[in-house]
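User: Hi! I have a structure open and I'd like some help reading it. Could you walk me through it?

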2 protein chains.
Amino acid sequence: MSILAIDFGGTRTRAAWFNEALQQMHRAEVPTLRHEPQEQVIQRVIDCARSVVPDGEQPRVIGICAPGPQAFTGYILHANTLPGWDRVPLAERISVAFGGVPVAMENDANLAALAEYHQGAAQGCDPALYLTLSTGIGGGAILGGQLFTGWRGLAIEPGHLKFLHPDGRTYSLEALASGPALVYWAERALASGDAPSRLREMARLDGRVIGMLAAEGDAVAGQVVAEAGRWLGLGLVALTHLFNPQVIVLGGSVTQLGALLLEPVRRTLAQLLIDPAFNDPGLLRLAALGDDVCLIGAAYHARGRG
Amino acid sequence: MSILAIDFGGTRTRAAWFNEALQQMHRAEVPTLRHEPQEQVIQRVIDCARSVVPDGEQPRVIGICAPGPQAFTGYILHANTLPGWDRVPLAERISVAFGGVPVAMENDANLAALAEYHQGAAQGCDPALYLTLSTGIGGGAILGGQLFTGWRGLAIEPGHLKFLHPDGRTYSLEALASGPALVYWAERALASGDAPSRLREMARLDGRVIGMLAAEGDAVAGQVVAEAGRWLGLGLVALTHLFNPQVIVLGGSVTQLGALLLEPVRRTLAQLLIDPAFNDPGLLRLAALGDDVCLIGAAYHARGRG
């Protein structure tokens, strides 16, 4: 009797079998193929999960990770990586497929926070905040040793911090500092000026290309990344003044920009935090866990729910 | 044997004697006279506190409320209402004066949050946030039934949320929506335009006067209050997306502006929260406790520390 963890994502679906000591024993991964009919997608998730369960065994409890705020409902809401999946009773379908075992479903960023707290960059830190910077910006918090979810399970949505931009419009943090945001602001910079930039030669822009050119000294790319870093810094100032965290762990593909992004973040924190006591040298850390972070988090989350 | 509570404020100092059921038995109040020598001020605080202790009794524990972030140190830091009081060992002085009884000192907004949670507008609500809008903007949070203070006791400083203003500068929320902020923006509006306004006739502007004229239909005063409401709304959007609170209690003198302030706050919340599930009809409430809110909070905070 052990724990089955499932990470249902917009692109990949992963499953792993954990023993009660939370060691990962078996693991499988399949493409989600989200545009196929939902029944087929769900069946693929279940098959992937079954493939990691040892012969003759049955999970005691199942932890499921899925995107979007979920409000303790067992279904997905507003997940921009899984459009059309609102209110599909995913947790129930998976529970039934495994003979009705208890299921604990949670948001991906919340579970990543839990994993980094137990096994990653936030070990021994409380409060611990986690932000994932990729297609969007999600977050999770460990407060008093527990995953903090708020009244209806909707807490810690740092991507939806709102900022007035000098252009006069109000933007969410994730429209200012996510991967797609970098592309948007780079395209805007190219359209509104005629500064020479190798960005103009690229067939397709993405965060990785922009970061690469910024690292090579391309001025426009550098400004776009620095600007994203300053906005992210402004978001982290808000989080720090509110939570006084011991650590903020940054994960997700955008963190591959490294120092180009983190330097303006750190400068903004140093400039705007009201007291250095908020700004411990160890405050900002990069995520330590890799692709399986959500499986690990789902296993921890499920452990107490069986 | 009971609980002595002391509220040491920039203007008034209050003390009360509570029985173990947290009923307030005796109460006293004196002016703080903060510009007098610190020894005299401290002695006046101690005398005021002594005056509420019944003959022959001794407090089991003392709860002290004081302004500014305190970081579990027992002294005040950065309290704009008590300049020059940084690092004065207030908690220790009071403990010694009462024979060395244990003392629990906390920030005023944190203790107000605790009081509203136990006896006021936030009863039965978790997470519960509290904001005080007066000379500055302070805050407190009850999460999981406990006062949330963060790593070093610095958490919940909503007055220091930073916003970029259309004028190109970055302002703290308390520079946009506190009492002095109303005066600042009113003066700026008068200086930069020539719109007729009865504000020009006033010998001295304060939040009360601006609110009164706004209520009477003065356009400039109305715009100033509405603008403060929109900024406050933006701050509450951040708090709501992060904490998913069941209630946000608003206290402090600025809330006397009533609907003039709260309507733009509510409109901003309705407009910018990503899902109506964040925005329960009961989300925003006015504080229920009066001048003694911090004494009540100090008593609750001290109760478990004896």
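Analyst: Happy to; we'll go through the two chains, the sheets and a few unusual spots.

Analyst: One thing to keep in mind is that this is a predicted model.

User: Got it. How do chain A and chain B relate to each other?

Analyst: A turn of 180° with a shift of 0.0 Å along the axis lays chain B on chain A, and the RMSD is 0.0 Å. That is the relation of a two-fold axis.

User: Which residue of chain B has the C-alpha nearest the axis?

Analyst: B:Leu164 does, with its C-alpha 2.9 Å from the axis. The same surface also serves both copies, since 100% of the contact residues of chain B recur in chain A.

User: How many residues are in contact there?

Analyst: 39 residues of chain B are in contact with 39 residues of chain A.

User: And how much area do the two chains bury between them?

Analyst: About 3,400 Å², and 70% of that is on carbon and sulfur atoms. In chain B, the three residues that supply more than any other three are B:Trp151, B:Lys162 and B:Leu242, with 22% of the area that chain B buries against chain A.

User: Why talk about area at all?

Analyst: The size of an interface is often given as the accessible area lost when the parts come together.

User: Makes sense. How many salt bridges are there between the chains?

Analyst: The count is two. One of the salt bridges is formed by B:Asp280 with A:Arg152, where the closest N and O atoms are 3.3 Å apart. There are also 22 residue pairs in polar contact across the interface of chain B and chain A.

User: Which elements of chain B give two or more residues to the side that touches chain A?

Analyst: Those are strand β9 (162–164) and helix α7 of chain B. The largest share comes from α7(B), which gives eight residues.

User: Let's stay with α7 of chain B. Where does that helix lie?

Analyst: Helix α7, residues 219–243 of chain B, lies across β6, β7, β11 (247–251) and β12 of chain B. It runs at about 160° to β6(B).

User: What sort of sheet do those strands belong to, open or closed?

Analyst: An open one: five strands of chain B in the order β8-β7-β6-β11-β12, with mixed pairing. The edge strands are β8 (146–147) and β12 (284–286) of chain B, and each pairs on one side only.

User: How do β6 and β7 of chain B pair, parallel or antiparallel?

Analyst: Strand β6 (residues 128–133) and strand β7 (residues 137–143) of chain B pair in the antiparallel sense, over six bridges. As an example you can find on screen, B:Leu133 has B:Ile137 in β7(B) as its bridge partner.

User: Switching to chain A: what is the strand order in the sheet there that has β1 in it?

Analyst: The order is β3-β2-β1-β4-β5 in chain A, an open sheet of five strands with mixed pairing. Its edge strands are β3 (24–31) and β5 (103–107) of chain A, each pairing on one side only. Neighbouring strands of this sheet are turned by 15° against each other on average, direction ignored.

User: Any antiparallel pair I can look at?

Analyst: Try β1 (residues 2–8) and β2 (residues 12–18) of chain A, which pair in the antiparallel sense over six bridges. There A:Ala5 stands opposite A:Ala16 in β2(A).

User: Which helix packs on that sheet, touching β1, β4 and β5 of chain A?

Analyst: That is helix α2 (residues 90–97) of chain A, whose direction makes about 150° with that of β5(A). Helix α3 (residues 108–119) of chain A lies across β4 and β5 of chain A, running at about 100° to β5(A).

User: Last topic: any odd backbone spots?

Analyst: A bit of background: most residues other than glycine have a negative phi, and most peptide bonds are trans. Here a cis peptide bond joins A:Asp126 and A:Pro127, with omega about 0°. A:Pro127 lies in the loop between α3 and β6 (128–133) of chain A. In chain B, a cis peptide bond joins B:Asp126 and B:Pro127.

User: And what about phi?

Analyst: Look at A:Ile156, which has a positive phi of about 60° although it is not a glycine. You'll find A:Ile156 in the loop between β8 (146–147) and β9 (162–164) of chain A.

Technical notes. Residues are numbered from 1 along each chain as its sequence is written. Chains are lettered from A and ligands numbered from 1 in the order in which they are written. This is a predicted model: local features need pLDDT of at least 70, side-chain atom pairs count only at pLDDT 80 or more; totals for chains, interfaces and linings use all residues. Side-chain values use heavy atoms; hydrogens and water are left out. Two strands pair if DSSP finds at least two bridges between them. Helices (H or I, at least four residues) and strands (E, at least two) are DSSP runs, numbered from the N terminus. Contact means heavy atoms within 4.5 Å. Axes are lines fitted to C-alpha atoms, for helices over the stretch in contact, and angles run from 0 to 180 degrees between N-to-C directions. Copies are superposed by least squares on the C-alpha atoms of residues with pLDDT of at least 70 in both. Buried area is the accessible area (1.4 Å probe) that two parts lose on being put together, summed over both. A salt bridge is a side-chain nitrogen of Lys or Arg within 4 Å of a carboxyl oxygen of Asp or Glu. A polar contact is a pair of N or O atoms within 3.5 Å; within protein, one must be able to donate a hydrogen and the other to accept it, and residues adjacent in sequence count only if both atoms are side-chain atoms.
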